[in-house]
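Hi there,

Here is the structure I promised to pass on to you. Have a look at it first, and then read on for my notes on what turned up.

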Amino acid sequence: MFCLNYRDARPIYEQVKDGLRHLVVTGAIAPGEQFPSVRSLAASLAINPNTIQRAYEALEAEGYLSTQAGKGCFASPRSEVSQARRTKLLEQFDAAVGELLFLGMTTEELKLRVCGAKEEGEA
């Protein structure tokens, strides 16, 4: 599934949240697929169930999962991911682009990077 890094400065719940979000974004957890129960994921990661619950609540607030009473947590369709999450990611993107331009990267290099085109000589 994913691993926790106890040397990481981020809190464990954020690592869990980021790991689960990555699984949803990459399609490892498909829309409509059930997430592991809080207790089973806590047991497999050897951490407190409250930590998993906190990560699940944060993912639900971002729109990556939905909770169905008595059934569990399920990955949300892409269309339901919150606008707030999209806005936050775009702000981070804008800040990164601004810094890359400051560091001398050209708009053409950025365009190639964003569009997924390979630079000459790249394998």
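Let me start with D18, which forms a salt bridge with R10, the closest N and O atoms being 2.3 Å apart. Please keep in mind that this is a predicted model. D18 is partly exposed, with a relative accessible area of 26%, and R10 is partly exposed too, at 32%.

That pair is one part of a wider picture, as the structure holds six salt bridges. Another one brings together the side chains of K17 and E62, at 3.9 Å from N to O. These two come from distant parts of the chain: K17 sits in helix α1 and E62 in helix α3, 45 residues apart. Both K17 and E62 are buried.

E62 has a further salt-bridge partner in R85, with 4.0 Å from N to O. Here too distant parts of the chain are linked, since R85 belongs to helix α4 and E62 to helix α3, with their positions 23 residues apart in sequence. Are R85 and E62 buried or exposed? R85 has a relative accessibility of 11%, so it counts as buried, and E62 is buried because its relative accessible area is 12%, where the cut-off is under 20%.

Which residues end up in one network through salt bridges that share partners? They are D8, R10, K17, D18, R21, E62 and R85.

R21 deserves a paragraph of its own. This residue is found in helix α1, and at 11% relative accessibility R21 counts as buried. The side chains of R21 and E62 are joined by a polar contact of 3.1 Å. Leaving aside residues up to four places away in sequence, R21 touches L59, E62, Y64 and R85. Two of the names in that list, E62 and R85, also pair with each other in the salt bridge described above.

Now to the nonpolar side of things. The largest nonpolar core has 21 residues, and those with the most contacts inside it are V16, L20, F35, L45, I52 and Y56. At least two residues of this core come from each of α1 (12-25), α2 (38-45), α3 (49-62) and β2 (72-75). If you would like one residue to click on in the core, try I52: not counting residues up to four places away in sequence, I52 touches V16, V38, L41, A42, L45 and I47. Two of these, V16 and L45, are also among the core residues with the most contacts.

There is a nonpolar patch on the surface as well. L90, F93 and V114 form this patch, with about 290 Å² of accessible area together. F93 has its place in helix α4, which covers residues 83-102. Why does F93 count as partly exposed? Its relative accessible area is 41%, and partly exposed refers to values between the 20% limit for buried and the 50% limit for exposed.

Last, a word on C3, which lies in the segment before α1. C3 has a relative accessibility of 73% and therefore counts as exposed. Computed along the sequence, how many residues separate C3 from T87? They are 84 residues apart in sequence, and in space the distance from C-alpha to C-alpha is 28 Å.

Enjoy looking through it, and write back whenever you like.

Best wishes

Methods. Residues numbered from 1 in each chain as written. Predicted model: local features only at pLDDT ≥ 70, side-chain atom pairs only at ≥ 80, totals over all residues. Heavy atoms only, no water. Core = buried A, V, L, I, M, F, W, Y, C linked by side-chain atoms within 4.5 Å. Buried < 20%, exposed > 50% of the residue type's maximum accessible area, 1.4 Å probe, protein only. Helix = DSSP H or I, 4+ residues; strand = E, 2+ residues; numbered from the N terminus. Contact = heavy atoms within 4.5 Å. Patch = residues over 30% accessible without salt bridge, like charges linked within 9 Å, V, L, I, M, F, W, Y side chains within 5 Å. Areas by Shrake-Rupley, 256 points an atom, 1.4 Å probe, with all protein chains shown as cover. Polar contact = N/O pair within 3.5 Å; in protein donor to acceptor, adjacent residues only side chain to side chain.
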